[in-house]
Amino acid sequence: MRILIINGPNLNLLGKREPSIYGNAPMEALLPQLQKRYPQIELHYYQSNIEGELIDKLQEVGFAFDGIILNAGAYTHTSIALLDCIRAISTPVIEVHISNVNTREEYRRHSMIAAGCKGTIQGFGLDSYRLAIEAFIG
C-alpha cells in the first residue's frame with residue numbers, strides 16, 4: 001500500500017508556528033514514527049506553499065497511489081481548484097486538520113475540498129495523520 005501525505009501552506013512551520021494551536025513537534029518528527037508503526041505501508045510526504053504545486057502533486061500520484069492524506073491548510077477554505085483536482089483523480093483523499101477548525105474563526109469552518117474527499121479528520125493534533133492512515137487500512 002502506498003500513501004502520500006500532502007501538507008499545504010505554512011505547514012512547513014509546524015513546531016514553530018502557533019504552538020498553542022499546532023503543537024511543538026515538526027512534521028519531520030512524526031514521519032519516522034509513522035513509518036515505524038506502519039512498516040507495511042510505503043509512506044511518502046510532500047509539502048508546498050503553492051496551490052498549483054499541490055495540484056500538480058495530486059495529479060502526479062492520483063492514479064497510482066492507494067491513498068492521499070491532505071492537509072491543505074488555508075487552501076481548504078478557498079480552493080475550488082483543489083476540489084476539482086480531488087474529484088478528477090481516482091485515488092481517495094482524506095482531508096486532515098491538526099486543529100478542530102470548527103472551534104476557530106468563522107471563515108475556517110467551511111471546507112471547499114470536503115465534498116471531494118472520502119472523509120475528514122480534525123482536532124487530534126498530529127495524531128490526525130495516524131487516524132487517516134488507520135482509515136485507509138481499516
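The following exercises with worked solutions concern the salt bridges of a predicted model.

**Exercise 1.** Determine how many salt bridges a search of the whole structure finds.

*Solution.* The search covers the whole structure and returns three salt bridges. The exercises below take up these pairs in turn.

**Exercise 2.** Establish where lysine 57 and glutamate 60 lie with respect to helix H3, and classify each residue as buried or exposed.

*Solution.* Step 1: the side chains of the two residues, glutamate 60 and lysine 57, meet in a salt bridge with an N to O distance of 3.3 Å. This satisfies the cut-off, because the nitrogen must be within 4 Å of a carboxyl oxygen.
Step 2: both belong to helix H3 (residues 51-61), where a spacing of three residues separates them by about one helical turn.
Step 3: lysine 57 has 17% relative accessibility and therefore counts as buried, the limit being under 20%. Glutamate 60, at 56%, counts as exposed, the limit being over 50%.

**Exercise 3.** State which residue forms a salt bridge with arginine 109, and classify both partners by accessibility.

*Solution.* Step 1: the partner is glutamate 106, with the closest N and O atoms 3.0 Å apart.
Step 2: arginine 109 has 39% relative accessibility and is thus partly exposed. Glutamate 106, at 59%, is exposed.

**Exercise 4.** Describe the salt bridge of arginine 130 and its setting in helix H5.

*Solution.* Step 1: arginine 130 pairs with aspartate 127, the closest N and O atoms being 2.7 Å apart.
Step 2: both residues lie in helix H5 (residues 127-137), three residues or about one turn apart.
Step 3: arginine 130 counts as buried at 16% relative accessibility, whereas aspartate 127 is partly exposed at 32%.

Technical notes:
Residues numbered from 1 in each chain as written. Predicted model: local features only at pLDDT ≥ 70, side-chain atom pairs only at ≥ 80, totals over all residues. Heavy atoms only, no water. Helix = DSSP H or I, 4+ residues; strand = E, 2+ residues; numbered from the N terminus. Buried < 20%, exposed > 50% of the residue type's maximum accessible area, 1.4 Å probe, protein only.
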